Amino acid sequence: MGLKENLIKKSDYVYELPKNTVKGQRVPVYFYLSDKLYQFLEEDAIKQAVNASMLPGVEGAIYVMPDAHVGYGFPVGGVLATNIEDGVISPGSIGYDINCGVRLIATNLIKDDVAPKIKQLMQEILKNVPAGVGSTGRLKLTKEQLKEVATEGAHWAVKRGFGFDRDIDHIESFGRLPNANPEKVSDFAYERGSDELGTVGSGNHFVEIQAVDEIYDDEVAKKLGIYLGQVTIMVHSGSRGFGHQVCVDYLVVARTALKKYNIEIPDMQLACMPFNSPEGQAYFSAMNSAANYAFANRQILGFLTADTLRKFLGLSWEEFGYRLIYDLAHNIGKVEKHKVDGDEKYLLVHRKGATRAFPPHNPEVPPAYREIGQPVLIPGDIGRYSFLLVGQQKSMEESFGSACHGAGRVMSRTKAKEYVKSVGLEKVLEGLTVVAKGKGTVMEEIPQAYKDVTEVVRVVHNLGIARLVARLKPLGTLKG
C-alpha cells in the first residue's frame, strides 16, 4: 500500500499523514488540496515530505501547498521549520535557485493602451531584457562588486539608477537580508554570477505584461492602487548561477557534516547540518548573500521592463505611473517567530516553492501594507492567469505564515516537448503572445504542463491563509 492511501481527509482542503505513520516520522504532514488537485499528488512527493519530517529539530508539522510536485529532496511547495537551537538547515529544502521570486509593478496604463501593440512591444522587451539559458546582462561585475550586491541586495540596484528609493519599502525584508556574508561564497559562484545580474534565465522564469481582469476585494484593491483594466508587469526570476552554485557547494559541505555530527537521514538529497554549527552558519550566510543577489536581479529586471514599455509608448515616468506593488521570495530559509503547541519560539522556516503570507499587523509586513496584510503573488502559466492576494492570520496557525508560489507542474519538461511535437507549437500557443530567444523553453513551459492556477489559488483562499484581491491576465510573455 502506498503512502497516499494513508492520507486522512480532515476537511475539504486538508489531508493529513499523521505522525508516526512511517517509522521515524517526527511530526504530521499536511497536504492542502482540493479533490481536483488530489489526483495530481505524486507518491514520491508524499515520500519526500515524510523524509523531511525525520530531520533533527523539525517542529510542528510539514506543510505542502496545493501547487506541490516532486523536487530535489523536498517537494516544491513544501514548508519545513526547524528549531534554531538543536535543529538543522537543509540546502535541498530551500532549493537550488535561492530566492527565486516574483515582483509585481503597477502602471497608469490601461489594457487598450497596450493590447493593440503587444507583439511589437514584446519584441522590444526581448531586445532589452536578457533571457534564456546562458543569457548575460549589460552589467559585467568584478568579484568585489558582486560582494557589494550580495550585501546590499535591491539597494545596490536602486543606487545605480535601476528603480526608485520608494521601491525598497515594497520588497520582502526591504530587499536586503542582514545575515549575508559574501566571504562564505565560493569563487566559482562569483564567476557564474559575474555577467548574469539583470537577466531572466530559463525554465519557468518570465517577464510578463498583464491586465487586471477581475477584482475580488474592492477595498483592499483600492488600498493597493489596483483597478480593472490596469496594465501591470510581473517578473519571475531568482539568483541565477550565483545562487545555484551556492546550493551545489553547500550540499557537498552538508554531506560531510552528516558524518561529523552523526546525523542520520533517509535521503542524501536532504543532506543537512546543525543550524548553529560553523557549517550551518556558513551556508546560512552564503544563502542570504545569494538571496540579496536575487533581490537586485529582480529590481533591475523590473526597471528595465518598465523603462522599455515607457519609452515604447513615449511617456514620462510620471505619465507612466511606475509603482512597485511587492517583491517576494519563494525559495528561502528565514529565522522567524512562530507558535508551536502554544509556545512562541524562533524557528528556521524553509520555504521551497512557497511564499510568505504574513497577516495584517505582523511587524515583518512592510508599513505600507501592515493594515491589510502582506501582498502574496501567485503566478500561473503563460496562457491563463496570475493572482494577487493578501496574507491572513490563519497562515500563522496553519502553515508557518506561508502560501503557495505558483500553479505547479503536472507534466515533465520532456513530456511537454513531446506533447508540442505531436500537436504543434502554433496550435498550443494559439491566441497567446510569447517571445523567447529559442523555442526549447517555450515548449517546456506550455500551459498544459501546469495545474490550473485558478484551482490552486481557490484552495489557498478557502483555507483562509491568503485572501484573493485581483486576477491578472497575460497580454504578452517573455520566456527564457
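Buried means under 20% relative accessible area, exposed over 50%, and partly exposed in between, with a 1.4 Å probe and protein chains only. Keep that scale at hand for the exercises below.

The model is predicted, so local features need pLDDT of at least 70 and side-chain atom pairs pLDDT 80 or more, while totals for chains, interfaces and linings use all residues. Residues are numbered from 1 along each chain as its sequence is written, and side-chain values use heavy atoms, with hydrogens and water left out.

**Exercise 1. A pair in one helix**

Task: Find the salt-bridge partner of Glu 219 and say where both residues lie.

Solution:
- Start with the rule: a salt bridge is a side-chain nitrogen of Lys or Arg within 4 Å of a carboxyl oxygen of Asp or Glu.
- The partner is Lys 223, with the closest N and O atoms 3.6 Å apart.
- Helices (H or I, at least four residues) and strands (E, at least two) are DSSP runs, numbered from the N terminus.
- Both residues belong to helix 8 (residues 218–224), 4 residues apart, about one turn of the helix.
- Glu 219 is exposed at a relative accessible area of 54%, and Lys 223 is partly exposed at 48%.

**Exercise 2. Pairs across the chain**

Task: Work out which parts of the chain are joined by the salt bridge of Lys 334 and Glu 172.

Solution:
- The two side chains meet at 2.6 Å, N to O.
- Lys 334 lies in strand 12 (residues 331–340) and Glu 172 in the loop between helix 6 and helix 7, so the pair ties together parts 162 residues apart in sequence.
- Lys 334 is buried at 5% relative accessibility, and Glu 172 is buried at 2%.
- Now try another pair: Glu 148 and Arg 160 form a salt bridge at 3.4 Å, N to O.
- Glu 148 sits in helix 5 (residues 143–152), and Arg 160 in the loop between helix 6 (154–159) and helix 7 (187–193), 12 residues apart.
- Glu 148 is partly exposed at 33%, as is Arg 160 at 40%.
- By the same rule, the count comes to 30 salt bridges.

**Exercise 3. A lysine without a salt bridge**

Task: Describe the surroundings of Lys 4, which is buried yet has no salt bridge.

Solution:
- Locate Lys 4 in the segment before strand 1 (8–11).
- Look for opposite charge, counting Lys and Arg as positive and Asp and Glu as negative, with His and the chain ends not counted.
- The nearest such side chain, Glu 43, is 6.9 Å away.
- Next, check the backbone: the oxygen of Leu 41 lies 2.9 Å from a polar atom of the Lys 4 side chain.
- Finally, list contacts (heavy atoms within 4.5 Å). Leaving aside neighbours within four places in sequence, Lys 4 is in contact with Tyr 38, Gln 39, Leu 41, Glu 43 and Ile 46.

**Exercise 4. Positive phi**

Task: Place Asn 99 and Ser 173, two residues other than glycine with a positive phi.

Solution:
- Asn 99 has a phi of about 55°.
- Asn 99 lies in the loop between strand 6 (88–89) and strand 7 (101–110).
- At 0% relative accessibility, Asn 99 counts as buried.
- For Ser 173, phi is near 55°.
- Ser 173 is found in the loop between helix 6 and helix 7.

**Exercise 5. A network**

Task: Which residues are linked with Arg 413 in a network of salt bridges?

Solution:
- The residues linked with Arg 413 are Arg 409, Lys 417, Glu 444, Glu 445 and Lys 479.

Note on methods
A polar contact is a pair of N or O atoms within 3.5 Å; within protein, one must be able to donate a hydrogen and the other to accept it, and residues adjacent in sequence count only if both atoms are side-chain atoms.
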